[in-house]
Amino acid sequence: MTPGGHEAHLASLLEGIDKLGLLQAPWMRDALSRVPRHKFFDQYVEDDNSIAVIGPDGPTDDQLKKMYVDNALLIRDGPDRSSCSMPSLVVRMLNLLEIRPGMKVLEIGTGTGWNAGLLACGVEDPSLVYSIDNQPDLVENARRHLTDTGFPDVHLQAGDGGLGWPGAAPFDRIVVTAAAWDLPPAWGEQLAEEGILLMPFHCAGAGDPLLLLRKRDGRLRGQFIILTSFIPLLGTYGPDRAPASDIEIWKLTSAQKETALRLLAEVPAKDVKVAVPDPADLIFFIHAASPILRYEWLQQGEEWHCILHHEPSGAIARNVHWEQRLELHGIEAGVSELVRLVESWVAAGQPKIQDYRVELVSSSDVELRPGEWLERRAHGMLRITPPER
């Protein structure tokens, strides 16, 4: 790589992020230049699953192009998967954190160390940034990356991110860069008053929507922001510690997939004219009553179909989003119930996940208003309040 060879790729990336309206904080553009993304890669996984290793002379131009495209890049696959998130999502999350100079920040999920370097620019003191990852070799690599780019004072630790960093608490901001399948109590306890906790929170059928919670009067309240997908948080609060029923509740079984593909070959029982840009919004709405819909993409020949599966009856809805309709298949009673559920979502104004209010509660005895429900986890629960109509 020639000196400064990344600059054209960086300029292109900045232009794209700027067009999305994300370069909001005054320090952000400078940070993306001061913390060059390519300096945080030793290797990454290619589209064909081969490993692209960065040579001693630095990345090639093709490798630079890959690193500065607005995509996430896996740095390793398999059971110890880790990635560097897509730049625009990283910037969006930094904006949501409302980073200011002098804040103390905890990052759960160090990865390459790139995000920790950006945080250090935002708080203007690298020693105020703490980052933890469960993979010791990643932590050591991140330490080298950060030192080489001028941020040796960032605090790094290998450990269980679900436990936070009690010795350095409280934190003004806690940002989680892995999907949380539970609600670790330490995060709320270690967050300072008026602090922000930003985490991808795994919801059945809805992926890992970003959840922003602000601590006021000791209580955590907020909302979902955008739909995302992250590698799961591992450790004490990982998915392997959750009941299997909770993890698999939105997926179709092999038998259900076979039945769904057979139903697709038959004449649909009914069409419903409705635009469902993201089925996760519909799933989330229906999940308020009970998780009776499963959601999955199924392949039939060279075609892929987005399928909603009604658990009690086996009826399915194929989302033909480009024609703004749902194509329903199955027994009459199941199809009728699917129609009723979809119509109830439409009547409610087709709320999106982002429209709900969220509060972390400590007891299942909380009084629920009409339409509210509890999103329960082994170590905590969220009260979900639907939008007012």
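Start by selecting Pro170, in the loop between β7 and β8 (171-176). Look at the peptide bond that leads into Pro170 from Ala169: this bond is cis, with omega near 5°. That is worth a pause, since most peptide bonds are trans. Keep in mind as you go that this is a predicted model.

**Zoom out to the whole chain**

Now show everything as a cartoon. The chain holds eleven helices and 19 strands. Turn it along its principal axes and the C-alpha trace spans about 65 × 50 × 35 Å. How does the radius of gyration fit a compact globule? For 389 residues such a globule would have a value near 21 Å, and the chain has 22 Å, so the two agree.

Switch on a surface next. The chain exposes about 17800 Å², and carbon and sulfur atoms supply 50% of that area. Beneath the surface, buried residues make up 53% of the 389 in the chain. Among contacts with a separation of 6 or more, 60% are between residues 24 or more positions apart.

Colour by charge, and you will find 37 positive and 55 negative side chains. The centres of these two sets lie 4 Å apart.

**Select Leu156**

Back to a close view. Leu156 sits in strand β7, which covers residues 155-158. Is Leu156 buried or exposed? Its relative accessible area is 11%, which is under the 20% cut-off, so Leu156 counts as buried.

Show what surrounds Leu156. Beyond its neighbours within four places in sequence, Leu156 is in contact with Thr110, Ser131, Val139, Ala142, Arg143, Leu146 and Trp165. Pick Val139 from that group: Val139 and Leu156 are 17 residues apart in sequence, while their C-alpha atoms are 6.6 Å apart in space.

**Step across to Ser131**

One of the contacts of Leu156 is Ser131, so named in strand β6 (residues 129-133). With a relative accessible area of 0%, Ser131 is buried. Which side chain does Ser131 join through a polar contact of 2.6 Å? Select Glu107 to see the partner.

Leaving out neighbours within four places in sequence, the contacts of Ser131 include Glu107, Thr110, Ala116, His155, Gln157 and Trp165. Thr110 and Trp165 also appear in the list for Leu156.

**Follow Ala116 to helix α5**

Ala116, in contact with Ser131, takes you to helix α5, residues 114-123. How many of the ten residues in this helix are buried? Ten of the ten are, so to speak, mostly covered by the rest. Among these buried residues are Trp114, Leu118, Leu119, Cys121 and Val123. Just after α5 comes Glu124, whose phi is positive, near 65°.

**Two more positive phi values**

Most residues other than glycine have a negative phi, and two further glutamates are worth selecting with that in mind. Glu98 has a positive phi near 50°. You will find Glu98 in the loop between α4 (87-97) and β5 (105-108), and it is partly exposed, with a relative accessible area of 36%.

End the tour at Glu194, which is not a glycine and yet has a positive phi of about 70°. Where is Glu194? It belongs to strand β9, residues 191-200. Glu194 is partly exposed, at a relative accessible area of 39%.

Terms used
Residues are numbered from 1 along each chain as its sequence is written. This is a predicted model: local features need pLDDT of at least 70, side-chain atom pairs count only at pLDDT 80 or more; totals for chains, interfaces and linings use all residues. Side-chain values use heavy atoms; hydrogens and water are left out. Helices (H or I, at least four residues) and strands (E, at least two) are DSSP runs, numbered from the N terminus. The radius of gyration is taken over C-alpha atoms; the globule rule is 2.2 Å times the number of residues to the power 0.38. Buried means under 20% relative accessible area, exposed over 50%, partly exposed in between (1.4 Å probe, protein chains only). Contact means heavy atoms within 4.5 Å. Accessible areas come from the Shrake-Rupley method with a 1.4 Å probe; for residues, only the protein chains shown count as cover. Lys and Arg count as positive and Asp and Glu as negative; His and the chain ends are not counted. The place of a charge is taken as NZ of Lys, CZ of Arg, CG of Asp or CD of Glu. A polar contact is a pair of N or O atoms within 3.5 Å; within protein, one must be able to donate a hydrogen and the other to accept it, and residues adjacent in sequence count only if both atoms are side-chain atoms.
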